[in-house]
Amino acid sequence: MRQCFSWGVNGLSVQSQSADDYVLMEAIAAGDPAAMDRLYKKYSGLLLAVCQRIVNNRTDAEEVLLDVFWELWRRASRYEASRGAPVTYLITLARSRAIDRKRSSKTGSLHQVDVGELANLNVRANQAADSPGQAVEFAEQGELIRTAMESLPSPQRKTLEMAYFDGLSHSEIAAKAQLPLGTVKSHIRLGLIHLRDILRKG
Amino acid sequence: MMCQQASELIPLYVVGGLSDNEARQLQSHLATGCPGCNAMLTEFTTVGATLALMLPPAQPNPDVHASLMARIARHKDSVEPRTPGLLRRWYAMSGLAAAIVLAATLIAVSSYWHLLITQKNQQLAAMQDRLDAVKSNVNSLTAKYQAAVQTTALLQLQIKQSEMTRKMFMAKQLQVVALAGKPVDKHAVGRIFYNAKTHMWQFCAMGLKPLPPTKTYELWFITKDHTKKAAGTFNVDASGDGMLTAAVGQNMDQVSAVAVTDEPAGGVAVPTGSIQLIGTLQ
């Protein structure tokens, strides 16, 4: 059993860490600041990376990060475990709020980070993680996802990145990539299914 | 919407690429509780979130953490109470599912309001208790204030009497009549201080025996033609001291003697008791 999907896909999980996240979410919903402190230290680096990737501005990203955790503090009770692991909820929330910020400010310039380039940034990743063990875990997880993404056909991968990280609508992606709308949808759907299948195999 | 159609839309839904109409249709289907499609949504949501792991974690400015914890400390009670998950997806449902959600919503709202009302009632009861305590305190203070007012009035009266006495004693035309306790009580004495200018006089007695409540001492002016005129009643304290102040219209020159008798409480028009003090004017 690998530790890559502590929050994750069928058949792969690290129960201790995942269970700890659920406990923290319960504690936060009950108004425990110490639990929020722990969850922040655990995932703020990851969520800031998501926000920064989307809004493409460090200051805006940190504001979104603060908003995300503040929203989590106030509305942790809205989290439903049946919808996914806490970290999935956090990433989804951060992505949604970052896209909102990007669309409202119109200041972010779209850019795409090639998966291959990201592989060279593990040093920063290690520095940002809350603990050495967690840094290794994030790095391992990131490596697996990058490998999975690299295995996707390039059009699927790029389309998926534009949809997920740039928050573009399918029509916007079609115009930008000069692809038919149906093809864009197909790329995204097939890309995610392919990624899911890879992750299932672990 | 059938599951087949929903399964094609779910991957696109996860990345937020559906039109509003498509999203509503998919949400309606998911809201029916279809286990397969809901499980698929959860799985693809997780798959989408794994993309975040491609990114190298960043290091937030410590100020962000400080701001967050400070805000939490300031608004520690801002945590939203737990509500049923269905409540948050009501908008995505239709038909029977929406009715079920609406019922659950009403129950939840009703429960919430019941809880809120209960809490408010408890707060109201606590405030009522505090109000009662304040009222009791105010009543106690009011009683003390009234007692103080009475004491002040009594002191003012005593001061006024003392001032009158002082003025009387300082008058140039002051006459003094000495009364002796013979024959009843040899230790009793009395004095009348008469101001011939203001026609005010003051009687003081010492050494008289305290009387029961049913009786009182009464002062008499006895004129040269042996007429006895009542001049007022008084009582003495435990040490036998008593005082009486009055204004008399008659000229004291017509008075040949002064006597004190013990009479029924309230006094009488004609003396009936025994003489306790007596003195003659020179």
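Colleague: How much area does chain A expose, and what share of it do carbon and sulfur atoms supply?

Modeller: Please keep in mind that this is a predicted model. Chain A is built from 10 helices and zero strands, and 52% of its 202 residues count as buried. What chain A still exposes comes to about 8500 Å², and the share that carbon and sulfur atoms supply is 50%.

Colleague: And how much area does chain B expose, with what share from carbon and sulfur atoms?

Modeller: Chain B has five helices and eight strands, and along its sequence the five helices are written before the strands, in the pattern α-α-α-α-α-β-β-β-β-β-β-β-β. Buried residues make up 35% of the 282 residues in this chain. Chain B exposes about 16700 Å², and the part supplied by carbon and sulfur atoms is 60%.

Colleague: Of the contacts in chain A with a separation of 6 or more, what percentage is accounted for by residues 24 or more positions apart?

Modeller: One example of residues that are distant in sequence is the pair Val68(A) and Ala98(A), which are 30 residues apart along the chain, while their C-alpha atoms are 9.0 Å apart in space. For chain B, residues 24 or more positions apart account for 56% of the contacts with a separation of 6 or more. For chain A, the corresponding percentage is 66%.

Colleague: Is Val68(A) buried or exposed?

Modeller: Val68(A) is found in helix α3 of chain A, and, leaving out residues up to four places away in sequence, Val68(A) touches Leu47(A), Leu93(A), Ala94(A) and Arg97(A). A residue is called buried when its relative accessible area is under 20%. Because the relative accessibility of Val68(A) is 0%, this residue counts as buried.

Colleague: At roughly what angle do the axes of α2(A) and α4(A) cross?

Modeller: Helix α2 of chain A covers residues 33–55, and its axis comes within 9 Å of the axis of α4(A). The crossing of these two helices is right-handed. The angle at which the axes cross is roughly 35°.

Colleague: How many nonpolar residues does the contact of α2(A) with α4(A) have?

Modeller: On the side of α2(A), the residues making the contact include Leu39(A), Tyr43(A), Leu46(A) and Leu47(A), and on the side of α4(A) they include Val87(A), Leu90(A), Arg95(A) and Lys102(A). Sorted by class, the contact has no polar residues and three charged ones. The number of nonpolar residues in this contact is 14.

Colleague: Which residues does Thr159(A) contact, leaving aside its neighbours within four places in sequence?

Modeller: Thr159(A) has its place in helix α8 of chain A, and its relative accessible area of 1% makes it buried. Its C-alpha atom is separated by 9.0 Å from that of His170(A), a residue 11 places away along the chain. With the neighbours within four places left aside, the residues in contact with Thr159(A) are Ile173(A), Val184(A), His187(A) and Ile188(A).

Colleague: What is the relative accessible area of Gln156(A)?

Modeller: Gln156(A) is placed in helix α8 of chain A, which runs over residues 154–164. Apart from residues up to four places away in sequence, Gln156(A) touches His187(A), Leu190(A), Gly191(A) and His194(A). Gln156(A) is buried, and its relative accessible area is 11%.

Colleague: Is Gln178(A) buried or exposed?

Modeller: Gln178(A) lies in the loop between α9 and α10 of chain A, and its phi is positive, near 55°, although the residue is not glycine. A residue counts as exposed when its relative accessible area is over 50%. Because Gln178(A) has a relative accessible area of 74%, it is exposed.

Colleague: Which helices of chain A are included in what covers the buried residues of α1(B)?

Modeller: Helix α1 of chain B, residues 3–14, reaches 16 Å from its first C-alpha to its last, and its buried residues include Ala6(B), Leu9(B), Ile10(B) and Val14(B). Part of what covers these buried residues comes from chain B itself, including α2 (20–31) and α3 (35–50). From chain A, the cover includes α4, α9 and α10.

Terms used:
Residues numbered from 1 in each chain as written. Chains lettered and ligands numbered in written order. Predicted model: local features only at pLDDT ≥ 70, side-chain atom pairs only at ≥ 80, totals over all residues. Heavy atoms only, no water. Helix = DSSP H or I, 4+ residues; strand = E, 2+ residues; numbered from the N terminus. Expected span 1.5 Å × (residues − 1). Buried < 20%, exposed > 50% of the residue type's maximum accessible area, 1.4 Å probe, protein only. Contact = heavy atoms within 4.5 Å. Areas by Shrake-Rupley, 256 points an atom, 1.4 Å probe, with all protein chains shown as cover. Axes fitted to C-alpha atoms, helices over the stretch in contact; angles between N-to-C directions. Left-handed = near helix turned anticlockwise from the far one by under 90°. Nonpolar A, V, L, I, M, F, W, Y, C, P; charged D, E, K, R; others polar.
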